[in-house]
Amino acid sequence: MGQGVRRIVLLTLGWEELPKAVSVHGAPADEIMVEPVPGVLLECDGGWLLLDTGFNTALINDPALRRRFYPDPAQRPILPGPGEPLDEALDAVGIDMAQIHAVAVSHLHLDHAGGLKHFAGRVPVHAQRAEVEYGLANHPEPERHAIYRIDFDDPRIDWRLADGEVEIAPGVTAVPTYGHTPGHQSFVVELDPSAGGGGFVFAFDAADLTENIEHELPVGGFIGVEPEATIEPIRRLKRIAGERGFQLIPGHDPREWPRMTAELAARFTAPGAASALLGPATSG
Ligand SMILES: [Zn+2]
């Protein structure tokens with residue numbers, strides 16, 4: 001077993017305005033939310049690993065493509081700035097795109113796979129085989145479920161496909177949480193002892209909101225299964241988190257995501273802060 005993860009940086013790659021029923025099955029259709037689009041950077045042995053890649057800006061900024069790929073006015077993508085969300089988010093945390101040595105996608109929905117274009121032909125991309133096969137083989141059905149082949153059919157993508165649970169980097173394990181999509185995966189992240197140990201479980205869309213986790217509520221999006229089938233993966237993630245003493249983080253929670261972003265940013269600047277507290281004694 002290798003070393004664990006040394007630093008975690010949460011990114012917000014945009015937002016989406018949508019009915020809460022997209023996240024919680026059966027929620028009132030007129031309850032509208034604005035949810036963050038998540039990305040997670042993990043500093044591993046060998047470089048940074050990026051979990052999920054946000055929207056494909058071309059499909060939003062081009063009016064004709066937008067009519068095709070965002071036909072429902074009730075589900076509105078919001079980009080953070082005028083450029084590429086990944087570039088802007090990486091700039092803000094002082095990490096260069098070239099420092100990302102591998103990518104993994106939880107699943108292929110439009111708000112998670114749209115940035116794969118930045119990595120095609122450059123770095124390995126981890127996913128579940130069931131997800132990629134579903135996305136490529138059943139045209140046009142995936143498109144009706146907001147899985148857009150244009151985001152991931154580039155033959156230059158260096159897929160690393162898994163059939164179930166797999167360690168994709170030292171300290172990072174992909175855990176299948178099928179249901180939301182046919183090959184959805186979540187991630188268990190174990191921190192290196194030098195980074196304080198412990199860890200986190202990133203649910204991504206196996207649980208959009210804190211209430212999906214706390215009240216074990218089915219998510220609103222599911223492919224090929226009944227909504228209730230999305231509860232078992234939530235319980236499994238809770239069990240993994242509970243056994244390890246790790247926190248389980250939902251994928252799209254408008255309060256929890258920014259709160260965790262700030263908490264992790266503070267935690268991983270803490271060593272500097274701690275040595276600053278020691279002051280002149282350490283510099284003598
Ligand atoms: Zn999704």
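Here is a chat about a predicted model with a zinc ion.

User: Hi! Which residues hold the zinc ion?
Analyst: Hi! Since this is a predicted model, take the geometry as computed. The zinc ion is coordinated by three histidine nitrogens, NE2 of His-107, ND1 of His-109 and NE2 of His-180, plus an OD oxygen of Asp-205, with distances of 2.1 to 2.2 Å.

User: And what is the arrangement of those four donor atoms?
Analyst: Irregular, because the angles they subtend run from 89 to 172°. To count as tetrahedral, all angles would have to lie between 85 and 135 degrees.

User: What spacing do the donors follow along the chain?
Analyst: The pattern is H-x1-H-x70-H-x24-D. His-109 and His-180 link distant parts of the chain, being 71 residues apart. His-109 sits in the loop between strands S5 (100-104) and S6 (124-128), while His-180 sits in the loop between strands S9 (172-176) and S10 (185-190).

User: Is His-109 buried or exposed? And His-180?
Analyst: His-109 is buried, with a relative accessible area of 11%. His-180 is buried too, at 6%.

User: Switching to docking-style questions: what volume does the largest pocket have?
Analyst: About 600 Å³. Its lining is made of 29 residues, and those nearest the centre are Val-22, Gln-75, Leu-110, His-145 and Ala-146.

User: Which helices and strands supply at least two residues of that lining?
Analyst: Strand S1 (7-19), helix H2 (63-69), strand S4 (76-78) and helix H5 (141-144) each do.

User: How many of the lining residues are charged?
Analyst: Ten are charged, alongside twelve nonpolar and seven polar ones.

User: How many cavities of 30 Å³ or more are there?
Analyst: The count comes to one, and about 30 Å³ of space lies in the largest cavity. Its lining includes Leu-13, Phe-55, Glu-84 and His-118. By class, that lining has four nonpolar, four polar and one charged residues.

User: OK, on to the strands. What's S2 like, mostly covered or mostly open?
Analyst: Mostly covered: strand S2 spans residues 32-44, and ten of its 13 residues are buried.

User: How do its neighbours run?
Analyst: S1 and S2 run antiparallel and are joined by eleven bridges, one example being Glu-16 with its partner Glu-35 in S2. S2 and strand S3 (residues 47-51) also run antiparallel, joined by five bridges, and Leu-42 stands opposite Leu-49 in S3.

User: What happens in the hairpin of S2 and S3?
Analyst: Two residues lie between the strands, and Gly-46 takes a positive phi near 95°.

User: Which residues other than glycine have a positive phi?
Analyst: Two to look at are Asp-52, with phi near 75°, and Phe-204, with phi near 50°. Most residues other than glycine have a negative phi. Asp-52 is in the loop between S3 and helix H1 (57-61), and Phe-204 is in strand S11 (residues 199-204). Asp-52 counts as buried because its relative accessibility is 0%, and Phe-204 is buried at 1%.

User: Where is the cis peptide bond at Pro-140?
Analyst: The bond from His-139 to Pro-140 is cis, with omega near 5°. Pro-140 lies in the loop between helix H4 (129-137) and H5.

User: Last one: where is Thr-261?
Analyst: Thr-261 is in helix H8 (residues 256-267), and counts as partly exposed at 22% relative accessibility. Its C-alpha atom is separated by 32 Å from that of Arg-144, 117 residues apart along the chain.

Conventions
Residues numbered from 1 in each chain as written. Predicted model: local features only at pLDDT ≥ 70, side-chain atom pairs only at ≥ 80, totals over all residues. Heavy atoms only, no water. Donors = N, O, S within 2.8 Å, 3.2 Å for Na, K, Ca; no water. Tetrahedral: all angles 85-135°; square planar, octahedral: opposite > 155°, others 65-115°. Helix = DSSP H or I, 4+ residues; strand = E, 2+ residues; numbered from the N terminus. Buried < 20%, exposed > 50% of the residue type's maximum accessible area, 1.4 Å probe, protein only. 1 Å grid on protein atoms, 1.4 Å probe; cavity = no way out; pocket = protein on both sides within 12 Å on 5 of 7 lines; lining within 4 Å. Points joined across faces, edges and corners; volume = space filled by probe spheres on them. Nonpolar A, V, L, I, M, F, W, Y, C, P; charged D, E, K, R; others polar. Pairing = 2+ DSSP bridges.
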